[in-house]
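Trainee: I am new to this structure. Please take me through one part closely: the surroundings of the ligand, and how they fit into the rest of the chain.

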Amino acid sequence: MQRITILGATGSIGVSTLDVIARHPDRYSVYALSAHSRVEELAAQCIQFRPSRAVVGSAAAADRLAALLRAAGCRTEVEWGEAALCAVSSAAETDAVMAAIVGAAGLAPTLAAARAGKKVMLANKEALVMSGQLFMDAVAESGAVLLPIDSEHNAIFQCLPQGYGRVPAAAGVTKILLTASGGPFLKREVATLENVTPDEACKHPKWVMGRKISVDSATMMNKGLEVIEAHWLFGAPAGQIEVVIHPQSVIHSMVSYSDGSVLAELGNPDMRTPIAHALAYPERIASGVAQLDLTQVGTLQFEKPDFNRFPCLALAFEALRAGGTAPALLNAANEVAVQAFLDERIGFRRIDRVIARVMEELPHGAASSIEAVMAQDALARAAAERIIAG
Ligand code: NAD
Ligand code: MG
C-alpha cells in the first residue's frame, strides 16, 4: 500500500490523481491533501478519501475546513501555511508526493519531498525551472525517485532506455523532440491576438487544465518552461532539445537515437495516463483513459514553431542558455504577467513584452542557494508589477 500526499489536490492534476487513486483502493491510500482556498472542494475530497492531514492557505480557510469536516464526522487534522505543506511532503508516514501546486508556491514543499527521499511525482514544472540544479542535487543526495508527470516528460522518460532517468551519453540519444499542440492561437491572425480575452486564451483545443498553464500554452511559454524542465530532468543541453508542433497531441514526445530510430509515446490526451504511469511505476495500472484508436485519429501533422508568433518560446531558450537565475527571473515575470492578463490588467501581447523587459532590466546571478533563487524571484515580481503599472 502506497501512502500518497497530493499537493494541489483541488486543481486539474490533483483531481485527476484522485480519480486514478479511487480506481485502486487496494494499492493506494491518501495521507494528505492540500488546497489553497477552495475549501468546499477540499472538504468533499477529505470526506471521500479520509486523509490523516489536510493543508490550506490561511487560518480563515483552516477554520472553515475544520468546521465542514467536524459537521461530517471526518477526523482529518487541518493545518495551514507553507511549513505545514513541507511537513506533509516529508512526513515519515508518506511514501510518494504528487507535486501539483501551480507556480513558485510549489517550490518549498516539492523540494522538501525531494530532500526527504520520497517518490516525487512532478507536475509543478515551475519549481524545477526556478531551481533546476539545486533540485536535481537534492534528489541525487537523498535518493528520491523523481518521476515526471508533465505529459511530454513522462513520454520522454518512457522512450529513454529502461532504468535511466537521465540521457546516458553511451545510449546514443541524439535529440529530445518535445511536441506542442500550438494551443488555441496556432492559426489565428497575429494582429488580432492583442484583443483576445482570458476565456479565449484558456480554451485549449486538446487539454483541460488550470488557467495559468492554459495561458502559458496559448503563449507557448508552457513549451519554453518544458524545454528548461527537460534540460534538468534528462541532463540534455539546449541544443539537443527541439520543439515540434503537433496539433493532434497524440504523440506526447519523442527521443531520437544515433542509428536513426525515433521512439515516441502515443495516447489520448488525458493526464490520467502519465499520473497512472508514475503512481504504478515500474508496473502498469488502469487509468480510466480510453485506448487510442489511430484509425479514428486518421492524420498526424507536424510543423516547426514560429518564434515571431510565439516570442515566449524564444525567451525561454535564451534564459536556459543564460543559465544561473535567468530561468527563475523568466518564470517569476511570466507568473505576474499571466495573472495580470487573467485579471484583464494587460492585453495578451503584453505578456511577452513584460517578461522581455524584466529579463533586460535585471542581471541574473548564480543560482547558488534556494534563498538566492527566491531573492531573484521577488525582484522579478516587483519589476514586472512596476512595468505593468507603468
Ligand atoms: P490548477 O490551477 O488547476 O490547480 C492548482 C492547485 O494549486 C490547486 O489545488 C490550488 O489550490 C493550488 N494552489 C494555487 N496557488 C497556491 C498557493 N499559493 N499555495 C498553495 N497552493 C496553491 O493547476 P493545474 O492545471 O492542476 O496545474 C498544476 C501544476 O501542474 C502546474 O505547475 C502545471 O504547470 C502542471 N501541469 C499541469 C498539467 C495539466 O494538464 N493541468 C499538465 C502538465 C503540468
Ligand atoms: Mg506538458
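Mentor: Here is the ligand site, followed by the domains and two backbone details.

This is a predicted model, in which local features need pLDDT of at least 70 and side-chain atom pairs count only at pLDDT 80 or more, while totals for chains, interfaces and linings use all residues. Residues are numbered from 1 along each chain as its sequence is written, chains are lettered from A and ligands numbered from 1 in the order in which they are written, and side-chain values use heavy atoms, with hydrogens and water left out.

Start with the shell. Ligand 1 has 21 residues around it; a residue is near if one of its heavy atoms lies within 4 Å. T10, S12, H36, E126 and G210 come nearest. By class, the shell holds 11 nonpolar, seven polar and three charged residues. Here Ala, Val, Leu, Ile, Met, Phe, Trp, Tyr, Cys and Pro count as nonpolar, Asp, Glu, Lys and Arg as charged, and the others, Gly among them, as polar.

Now the backbone. An oxygen atom of ligand 1 lies 3.1 Å from a backbone N or O atom of G11. For S12, a polar backbone atom is 2.9 Å from a ligand oxygen. I13 also has a backbone N or O atom 2.9 Å from an oxygen atom of ligand 1. On its own, ligand 1 has 820 Å² of accessible area, and the protein covers 86% of it. That area comes from the Shrake-Rupley method with a 1.4 Å probe.

Which elements give two or more residues to this shell? They are α1 (12–22) and α6 (125–142). Helices are DSSP runs (H or I, at least four residues), and strands are too (E, at least two), numbered from the N terminus.

Step back to the domains. The assignment, automatic or from a database, gives domain 1 (2–148), domain 2 (150–308) and domain 3 (323–390). Domain 1 and domain 2 each give at least three residues to the ligand shell. The C-alpha centres of domain 2 and domain 3 lie 25 Å apart. Their contact (heavy atoms within 4.5 Å) takes 19 residues from domain 2 and 15 residues from domain 3.

Two backbone details remain. Y281 and P282 are joined by a cis peptide bond, with omega about 5 degrees. P282 sits in the loop between α11 (272–280) and α12 (294–297). S249 is not a glycine, yet its phi is positive, about 55 degrees. S249 lies in the loop between β9 (241–245) and β10 (251–257).

Terms used
Polar contact = N/O pair within 3.5 Å; in protein donor to acceptor, adjacent residues only side chain to side chain.
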